[in-house]
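Student: I have a structure open and would like to go through it piece by piece. Can we start with a single residue and work outwards?

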There are 2 protein chains.
Amino acid sequence: MNKFSISIILLLAAAFVCNAQELTDYVNPFIGTSNYGTTNPGPIAPRGMVNLTPFNAAGKQNKFDKDSQWFSTPYEHTNTFLTGFSHVNLSGVGCPDLGVLLLMPTTGNLETNHFKYGSTYKNENAEPGYYRVDIDKYNVITELTASKRVGISRYTFPKGKSNVLLNLGLGLTNESGAMVQIVSDTEIEGMRTVGSFCYNSPENAYPVYFVAKFSKPADEFGTWNTPKKYDGVEAQWMGYNGKTRIMNNNTKMIAGDSIGTFFTYNFKEKSTVEVKLGVSYVSIENARENLEKETMNKSFENVRIETKNKWNETLSRIKVEGGTEEDKTIFYSALYHTQIHPNTFNDINGDYQEIGTGKVANTDRTRYTVFSLWDTYRNTHQLLSLIFPKQQSDMIKTMLQMYDENGWLPKWELNSTETFTMVGDPAAVVIADTYLKGIKDFDVNKAYEAMLKSADQIENNPVRKELKEYLERGYITEKSTKSGAVSITQEFNIADFAIAQLANELGKEEDAKRFYKRSTTYRILFDKEFNLLRPRSKDGTWHEPFSPDTGANFVKNIAFIEGNSWQYTFMVTHDTPELIKLMGGKKGFVNQLEKVFSNKQFDMANEPDIGYPYLFNYIKGEEHRTQKHVSNLIKTHYKNNSNGIPGNDDTGTMSSWLVYSMMGIYPIIPGKPVYTITKPVFDKVTIELDTEYYKNNSITITKQGTGAIDKIELNGRKSDFFISHDELVNGNNLNIILK
Amino acid sequence: MNKFSISIILLLAAAFVCNAQELTDYVNPFIGTSNYGTTNPGPIAPRGMVNLTPFNAAGKQNKFDKDSQWFSTPYEHTNTFLTGFSHVNLSGVGCPDLGVLLLMPTTGNLETNHFKYGSTYKNENAEPGYYRVDIDKYNVITELTASKRVGISRYTFPKGKSNVLLNLGLGLTNESGAMVQIVSDTEIEGMRTVGSFCYNSPENAYPVYFVAKFSKPADEFGTWNTPKKYDGVEAQWMGYNGKTRIMNNNTKMIAGDSIGTFFTYNFKEKSTVEVKLGVSYVSIENARENLEKETMNKSFENVRIETKNKWNETLSRIKVEGGTEEDKTIFYSALYHTQIHPNTFNDINGDYQEIGTGKVANTDRTRYTVFSLWDTYRNTHQLLSLIFPKQQSDMIKTMLQMYDENGWLPKWELNSTETFTMVGDPAAVVIADTYLKGIKDFDVNKAYEAMLKSADQIENNPVRKELKEYLERGYITEKSTKSGAVSITQEFNIADFAIAQLANELGKEEDAKRFYKRSTTYRILFDKEFNLLRPRSKDGTWHEPFSPDTGANFVKNIAFIEGNSWQYTFMVTHDTPELIKLMGGKKGFVNQLEKVFSNKQFDMANEPDIGYPYLFNYIKGEEHRTQKHVSNLIKTHYKNNSNGIPGNDDTGTMSSWLVYSMMGIYPIIPGKPVYTITKPVFDKVTIELDTEYYKNNSITITKQGTGAIDKIELNGRKSDFFISHDELVNGNNLNIILK
């Protein structure tokens, strides 16, 4: 909304006050679209496969050009040069992929080079399930909406010659290769290669299939192709060598690295064209079926309203009262961002590509994808367990399907490819946390078996590559990794803690003991000299040189991944009482933890330390620090603006932090069903519960007063700053009384 | 056979003498595979869609590398570096196209770069429907055979790791772009883009689809892809940028400009693998159906024998007696080369791609393709009318289908694309010639309408672009063309003569008169000063400068296409009596014609003058010159050797010349059912006739004596040197009595 003129903002604001009954009115899809939030403003259904979004990441006119740096979003709010609208996109990730199947409306003579046909734009507007923009160069209004697997574009063209380009050469992914065929003057089908997330595993590139149907028959159509340039003497006869060739009326299949199609109209008056584009990761036939079953006989407006209604239903799981309109906006926008990934991967008929096998399987549940587990194991799945336990259950079942398929639980799964991005063994945490919260309708024995495999198999273990050394000495050194020896030790500790918790629940006492013991080995890396974690070398001595500051800002180092010792040392929340002891007691702990903030070592933009502000709750009398820091962090980093997320949203992890924090509770120990408490932003929060999983219809969190927390009452009884999931969901009210 | 060791030749020669009952034994598929003959030695069924042939046109190790010059054949006999076996190929053409779907057997570790995996080879052997070679680098024997739409490769691998590569990046065509998917460990499907024949019309590139089935399941398989290289800062993170990526076990669809697949085997002992590869220009499904219906449950040997039998049947239409073994070999090899193009284009279920429309149609006859009509109108279709009238009829019907589809008769049609290569309006000649020979089972009214359209429509006429000026002044100048003004005038004259002949036959007297008149306008270009044709300028004056020699060796010039005035002036065989007059009578004519030969202006390697040696027959008493020149030309230019065709075979035109000339008759006037006579090479030639079209089962041409022709008897009655087609086929014997 930031590009609206002031007058329009005022007008809207007025309308807002009068008619703001819908929760979707509180979602600003532009939040997180700059400052590397890497969200995008385009329409998506809750957990949709299609996310149709403006693509302004290409071209030197832009502040951020995808090829001139590491760039991981199809849309950047401060960019200005639009080259189309891409149908499959990732939200809130730190690596480039997808961003393909780009449609672009133009007018006048055909131009197929996106550097030339791109345009500035204005009057962007977005709400859940809808986006619109005016394209300056062509005076074309573009509106977008989406069902789960189909994107719908509506172009309002001026009188004259107009074109709809489908550019299969361009993409945010660095993969190339596509095939396309114009089926008729209203339909196109084909595929586009994507993959190489984080510049990894280009050998696992894979196709996304599509079918596009146009509401009006094209007056002219064709394909283009820019094949490889030939060298050598013979090339002198190829006047077309290296040039783009336009193939008018071409209904034959074409394939290549840089190809596209155009549909051209000669309008006698201002006219609209709608394009429905269905996708599938299985086949063209399935893409067509997805398109037909989801959107056939539905208008743009039908689909827009259906998707908006779904978003309202989704957002209504949490109702808030009190707080400012701004508070509600950042809250619901964050809740919105938690409902994008993991997203649906199966086609409407249940087909999906298995992971690792290359086979097509069928499911009668939702098959999910985009498991950025190193991020989401910390709070996102906890939020789903609370408000969408059925979804969370299906995600666990998806993870177990993956185990059945390729023998391993996912680590960073993307469209049935394992990207092996980041470190640790986060699936174990998610599964244990879910089960311990009472969501048990999955095969826990299989899950446990899978967790033990990742935790115990030393040879050929793609999840815990560093396991051998970890088991031998309790920690990891340069012997096993070039980067993140301490971080990986901590992540393994956390996963092992979660396994211990589940083992305990399942009555497997030996395992529970064994893994609990494994979960505390980070202690060996605690260096009293610094009161921080420090890497040891393979001979057991402290690693030299060592600076606690090294590792911030993604500087690669032997000890930590994407962080430094300050940002990692407290990331052992399953063992905080012991960490307090190691730091010399309560005072030493509080001092050291405060230093993280006062010395500007705290990084709100990455996961390792995001639980830190809540750790003051472990020290009686110091809980006010948690309340202060959380309030400050919300105020500083979360805004109703494109830069309103601290950094990569990490498929909703940063947003989940905000949702929990604004409600006044936070799942401080991944793998343990416990929340710690801070001051809610809202006077009253009502959380709808799924009675398939929980006995109550809803619970409320209420707040009285304005100062620091004075008293906490859970279901009418006094509580301390830690409450169990069971106590919360089986009660009816958490009442937080401020001074 | 040229690379055989002497001992093997002797052995074979011995076997030959004892067992040479089969006509295929007289075919040497290596004839024409060097000296720019551009035939290839690989197996093809008569008029087959698939022609599976060794591909040695890539790599600097070769004398002729496809990228280092204008190069139009997948196989050159003097080359030495083999990079695979291509399934769709053109025989005897002057421009590069097809030469794709390349399989290559290798051993050891996978290498996908053909410059690296290519190899020298030895022990080549070929016969109709069969080819074999030893690949030096890998010690692999490759054998090839083919049914009409399926190529079968049999590889005999040594013990150890072996690979079968399918390289979809490499091709003789300069087009790129392919799609492929491994369906199972025994099957691959996909498409490859071809087109841009003669470096023209890259916008008409089109796909050839294929399905490949392997006789043994691969132990490992996968795809490779070499996508475009990214530039820019971001590329620093792409360690794989611009490199080939191997995708093991990949069963997902891939597409791109440079892709391929590999099937790998770990053989414990010497083993064979057979690969059946079916093609279609319509769809993958049709390629699979072609494969299954033609070759399923048939072994390599079954298909080899079936195809060989079909060749024997085809060749048996003409039986020769007398002559040397060498004579028979060059004769039957030439006959073989006349039975390759035009080739089958429809799938086994009748489906084919229409020309121009992009639609798929269905036929219950054979749909033919590869109509190199500027070449073949002179003698090839005449030969088909004589020995395969049903095929010739279906070819006419195909031409009329094309007219129905895109509104025009073909000019140089290739796989339902009109390449518009060369000049003139040759389809008219072929149709008239066929009808006048009594082959009338096609819609002659439609044919006549189509011919008139090309001949009369001035605006937007893609066949006769220069028609306006031609009609206005009778000849063409620099106003209408940059090249070939005289040639095009002559070609139009020839076509108009054919139309006049057909008009006459159809009782359209006005048209007959009109077109006959149009057929003689070349006379305006006859310059008495040179006794040759000479271009006029648009102001009507003789074009300056003018040299009768200019234009030989493909030197581009205003007057003539691929020839000079010497090579074109006599190419008005429909009007020879008048040309004789123009040249001042019989003596002037004979002198001038002899000069063509004595001054080394005669070019046996290109079409305009190939009728010349027969023109002496027009001058009574000078017929011996025809006999001498024809005999010399046969001796000089046609050999049982790779350089045994004078130049491009031009889809059988040079071979048709030889077949006719060795039989002692030649269709001297395209469009008129007449043969002129020379001394046959053989004592007796028996031509089988198709009784669906001709009343007799067969006719014979017999020869007595050894000197020049003394007497000619047609069906027992004395004849001069010109006999009509009717007289020939309705009789039983042409007896040529030598002195």
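Student: Leaving aside its neighbours within four places in sequence, which residues is B:Asn312 in contact with?

Tutor: This is a predicted model, and what follows is computed from it. With neighbours within four places in sequence set aside, the contacts of B:Asn312 are B:Glu22, B:Leu23 and B:Thr24.

Student: Which backbone nitrogen does the side chain of B:Asn312 reach?

Tutor: B:Asn312 sits in helix α4 (residues 300-315) of chain B. Its contacts include B:Leu23. At 3.0 Å, the side chain of B:Asn312 reaches a backbone nitrogen, that of B:Leu23.

Student: Is B:Asn312 buried or exposed?

Tutor: Buried means under 20% relative accessible area. B:Asn312 has a relative accessible area of 14%, so the residue counts as buried.

Student: What about strand β7 of chain B: how many of its residues are buried?

Tutor: From β7(B), B:Val150, B:Ile152, B:Arg154 and B:Thr156 point one way, and B:Gly151, B:Ser153, B:Tyr155 and B:Phe157 point the other way. Residues on both sides are buried. The strand, residues 150-157, is therefore largely enclosed by the rest of the structure, with the buried count at eight of the eight.

Student: Which residue of β7(B) stands opposite B:Leu144?

Tutor: Strand β6 (residues 140-146) of chain B runs antiparallel to β7(B), and six bridges join them. The two strands form a hairpin with three residues between them. Opposite B:Leu144 in β7(B) stands B:Ser153.

Student: And which residue of β16(B) stands opposite B:Tyr155?

Tutor: β7(B) is also joined to strand β16 (residues 271-280) of chain B, by eight bridges in an antiparallel arrangement. Opposite B:Tyr155 in β16(B) stands B:Val273.

Student: Why is strand β3 of chain B described as largely enclosed by the rest of the structure?

Tutor: The cut-off for a buried residue is a relative accessible area under 20%. Strand β3 covers residues 100-107 of chain B, and the strand is largely enclosed because its buried residues number eight of the eight.

Student: Which residue of β8(B) is the bridge partner of B:Met104?

Tutor: Three bridges join β3(B) to strand β2 (residues 85-88) of chain B, antiparallel; there B:Val88 has B:Val100 as its bridge partner. Six bridges join β3(B) to strand β8 (residues 160-167), also antiparallel. In β8(B), the partner of B:Met104 is B:Leu165.

Student: Turning to chain A, which are the edge strands of its open sheet of six strands?

Tutor: The order in this sheet is β17-β29-β30-β34-β31-β32, with mixed pairing. An edge strand here pairs on one side only, which holds for β17 (318-321) and β32 (717-718) of chain A.

Student: Within that sheet, which residue of β34(A) stands opposite A:Thr702?

Tutor: Strand β30 (residues 698-704) and strand β34 (residues 733-738) of chain A run parallel, joined by five bridges. Opposite A:Thr702 in β34(A) stands A:Asn735.

Student: What area do chain A and chain B bury between them?

Tutor: The contact involves 54 residues of chain A and 54 residues of chain B. Carbon and sulfur atoms account for 53% of the buried area. The area buried between the two chains is about 4,300 Å².

Student: Which side chains meet in a salt bridge at 2.3 Å, N to O?

Tutor: The rule finds two salt bridges across the interface of chain A and chain B. It also finds twelve residue pairs in polar contact there, both residues at pLDDT 80 or more. The salt bridge at 2.3 Å is between A:Glu175 and B:Arg245.

Student: Where is the cis peptide bond to B:Pro342, and what is its omega?

Tutor: B:Pro342 lies in the loop between α5 (325-337) and β18 (343-344) of chain B. The cis bond joins B:His341 and B:Pro342, and omega is about -10°.

Student: Is B:Thr38, with its positive phi of about 55°, buried or exposed?

Tutor: B:Thr38 is not a glycine, yet its phi is positive. The residue is found in the loop between α1 (6-19) and β1 (53-54) of chain B. Its relative accessible area is 3%, so B:Thr38 is buried.

Conventions
Residues numbered from 1 in each chain as written. Chains lettered and ligands numbered in written order. Predicted model: local features only at pLDDT ≥ 70, side-chain atom pairs only at ≥ 80, totals over all residues. Heavy atoms only, no water. Buried < 20%, exposed > 50% of the residue type's maximum accessible area, 1.4 Å probe, protein only. Helix = DSSP H or I, 4+ residues; strand = E, 2+ residues; numbered from the N terminus. Pairing = 2+ DSSP bridges. Contact = heavy atoms within 4.5 Å. Buried area = accessible area lost by both parts, 1.4 Å probe. Salt bridge = Lys/Arg side-chain N within 4 Å of Asp/Glu carboxyl O. Polar contact = N/O pair within 3.5 Å; in protein donor to acceptor, adjacent residues only side chain to side chain.
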